[in-house]
Amino acid sequence: MTNRAETPSKEQVIEARERAGINQTEAAKLVHLSSFTRWSEYERGERNIDSARFELFQIKTGQHPDYAPKKRPSPRSVLRQEDHARNV
C-alpha cells in the first residue's frame with residue numbers, strides 16, 4: 001500500500017492489479033478509464049497514476065488500508081455491478 005500523499009510507483013500499480021487478480025482492461029474500467037492504454041502507461045512508468053485514482057482502485061478491490069472490507073469483493077463482481085447499474 002502507499003501513503004495517500006505519495007504517487008504510487010509503477011511496481012506498486014502492477015502489484016495491486018495482480019493482487020486483485022484482474023487484467024489491465026478490467027483495472028482501467030474499475031477506475032473509469034476509457035481504455036486499458038492509460039493503465040498500461042501507469043504500469044510501464046510512462047505516466048504517474050494520481051493518488052486519488054489509485055485510492056479508488058484500492059477501495060474497489062478491497063486493498064485500501066483504511067477502507068478494506070471484512071470480506072474482499074471480487075473485482076469482477078464490482079465490474080458486473082457497475083455494468084448492471086449503467087444498464088438499468
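**Salt bridges and burial around Glu41 and Leu33**

In this predicted model, the side chains of Arg47 and Glu41 meet in a salt bridge, 2.8 Å from N to O.

Me: What makes the meeting of Arg47 and Glu41 a salt bridge?
Reply: The cut-off is 4 Å between a side-chain nitrogen of Lys or Arg and a carboxyl oxygen of Asp or Glu. Arg47 and Glu41 come to 2.8 Å, N to O. The pair therefore counts as a salt bridge.

Me: How do you know that Glu41 forms a salt bridge with Arg38?
Reply: Their closest N and O atoms are 3.1 Å apart. The limit is 4 Å, so the pair qualifies. Both residues lie in helix α3, three residues apart, about one turn of the helix.

Me: Why is Glu41 called buried?
Reply: Its relative accessible area is 16%. Buried means under 20%, so Glu41 is buried.

Me: Why is Arg47 called partly exposed?
Reply: Partly exposed runs between 20% and 50%. Arg47 has 40%, so the term applies. Arg38, at 33%, also counts as partly exposed.

Me: What makes Asp50 and Arg53 a salt bridge?
Reply: The closest N and O atoms are 3.7 Å apart. That is within 4 Å, so the pair counts.

Me: Which residues do shared partners join into one network?
Reply: Salt bridges that share partners link Arg38, Glu41 and Arg47.

Me: Why is Leu33 called buried?
Reply: Leu33 has a relative accessible area of 14%. The cut-off is under 20%, so Leu33 is buried. Leu33 sits in the loop between α2 and α3. Its contacts include Trp39, Tyr42 and Arg53.

Key:
Residues numbered from 1 in each chain as written. Predicted model: local features only at pLDDT ≥ 70, side-chain atom pairs only at ≥ 80, totals over all residues. Heavy atoms only, no water. Helix = DSSP H or I, 4+ residues; strand = E, 2+ residues; numbered from the N terminus. Buried < 20%, exposed > 50% of the residue type's maximum accessible area, 1.4 Å probe, protein only. Contact = heavy atoms within 4.5 Å. Lists of a residue's contacts leave out its neighbours within four places in sequence.
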